[in-house]
Structures are given as C-alpha cells and as structure tokens.
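Welcome, and please open your viewer. We will walk through one protein step by step, with something to select at each stop.

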Amino acid sequence: MSEKRCNTCGSTHYEERRITDLYSHQGKYLIVPNTPVEICTDCGTTYYSAPVLKAIEQQFFAI
Ligand SMILES: [Zn+2]
C-alpha cells in the first residue's frame with residue numbers, strides 16, 4: 001500500500017467525496033456530476049484519479 005501525499009501541503013489526510021465538477025479544457029466547459037475525487041482535508045486541494053480524468057476527456061472528445 002503506497003502512501004499518498006498532498007502536493008501542496010504534504011498532508012496524508014484525504015477524504016473521498018463526490019462532487020459536481022465544472023471541467024474546462026481548451027476553452028470548452030463540461031459539467032460532470034457525481035465525480036469521485038479525493039480532497040486534502042488540510043488545505044482543500046482536490047485530486048482526481050487517473051481513470052476519472054480519462055473518462056472526462058473521453059466525454060470531451062464525444063462532443
Ligand atoms: Zn494539502
């Protein structure tokens with residue numbers, strides 16, 4: 001099991017949440033409801049997992 005650290009503050013405290021995300025890419029916007037993210041509970045930085053990012057990008061290409 002690997003330990004994750006926040007890139008911003010170095011904390012290892014994460015909370016998993018589902019948010020409605022507004023994702024922007026090359027001037028386009030996409031609302032992604034129910035997006036699973038991990039949030040650093042110390043500084044509030046939001047992290048997306050790689051599969052989630054890939055799925056969002058695929059939605060962009062489908063537009
Ligand atoms: Zn942090």
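Here is the tour, from the whole chain down to single residues.

**The whole chain**

Keep in mind that this is a predicted model. Begin with a cartoon view of the protein, which shows one helix and three strands. Follow the chain from the N terminus, and the elements come in the order β-β-β-α. Now turn the protein around: its C-alpha atoms fill a box of roughly 35 × 25 × 20 Å along the principal axes.

How much of the protein is buried? Of its 63 residues, 24% count as buried. Switch on a surface, and you are looking at about 4800 Å² of accessible area, with 51% of it belonging to carbon and sulfur atoms. The contacts tell of the fold too: among those with a separation of 6 or more, 45% join residues 24 or more positions apart.

**The zinc ion**

Next, select the zinc ion and show the side chains of C6, C9, C40 and C43, whose SG atoms coordinate the zinc ion at 2.3 to 2.4 Å. What is the geometry of this site? It is tetrahedral, with angles of 103 to 114° among the four donor atoms. For comparison, the ideal angle for four tetrahedral donors is 109.5 degrees. Along the chain, the donors of the zinc ion are spaced as C-x2-C-x30-C-x2-C.

Are C40 and C43 buried or exposed? C40 has 1% relative accessibility, so C40 counts as buried. C43 has 35% and therefore counts as partly exposed.

**Y14, in strand β1**

Now click on Y14, which is found in strand β1. Its relative accessibility is 23%, so Y14 counts as partly exposed. What does Y14 touch, leaving out residues up to four places away in sequence? The list is K4, R5, C6, E38, I39, C40, T41 and Y47. Two of these names, C6 and C40, you have already met as donors to the zinc ion. Try a distance as well: from Y14 to D42 the C-alpha atoms are separated by 8.3 Å, although the two residues are 28 apart along the chain.

**A nonpolar patch**

Go back to the surface and colour L22, Y29 and I31, which make a nonpolar patch of about 370 Å². L22 belongs to strand β1, which covers residues 14-25. L22 counts as exposed because its relative accessibility is 53%.

**Two positive phi angles**

Most residues other than glycine have a negative phi. Which way does phi go in Q26? Its value is positive, near 50°. Select Q26 in the loop between β1 and β2; with 75% relative accessibility, Q26 counts as exposed.

Then move along to N34, in strand β2. Phi of N34 is positive too, near 60°. N34 is partly exposed, with a relative accessible area of 49%.

**Last stop: P33**

Finish with P33 in strand β2, which spans residues 28-40. A relative accessible area of 56% makes P33 exposed. Aside from neighbours within four places in sequence, P33 is in contact with I19 and T20. For a last distance, pick P33 and F60: they are 27 residues apart in sequence, and their C-alpha atoms lie 14 Å apart.

Key: Residues are numbered from 1 along each chain as its sequence is written. This is a predicted model: local features need pLDDT of at least 70, side-chain atom pairs count only at pLDDT 80 or more; totals for chains, interfaces and linings use all residues. Side-chain values use heavy atoms; hydrogens and water are left out. Donors are N, O and S atoms within 2.8 Å of the metal (3.2 Å for Na, K and Ca); water is not among the atoms, so sites may look incomplete. Four donors count as tetrahedral if all angles lie between 85 and 135 degrees; four count as square planar and six as octahedral if opposite donors are over 155 degrees apart and all others between 65 and 115; anything else is irregular. Buried means under 20% relative accessible area, exposed over 50%, partly exposed in between (1.4 Å probe, protein chains only). Patches are made of residues with over 30% relative accessible area and no salt bridge: like charges are joined within 9 Å, nonpolar side chains (Val, Leu, Ile, Met, Phe, Trp, Tyr) within 5 Å. Accessible areas come from the Shrake-Rupley method with a 1.4 Å probe; for residues, only the protein chains shown count as cover. A salt bridge is a side-chain nitrogen of Lys or Arg within 4 Å of a carboxyl oxygen of Asp or Glu. Helices (H or I, at least four residues) and strands (E, at least two) are DSSP runs, numbered from the N terminus. Contact means heavy atoms within 4.5 Å.
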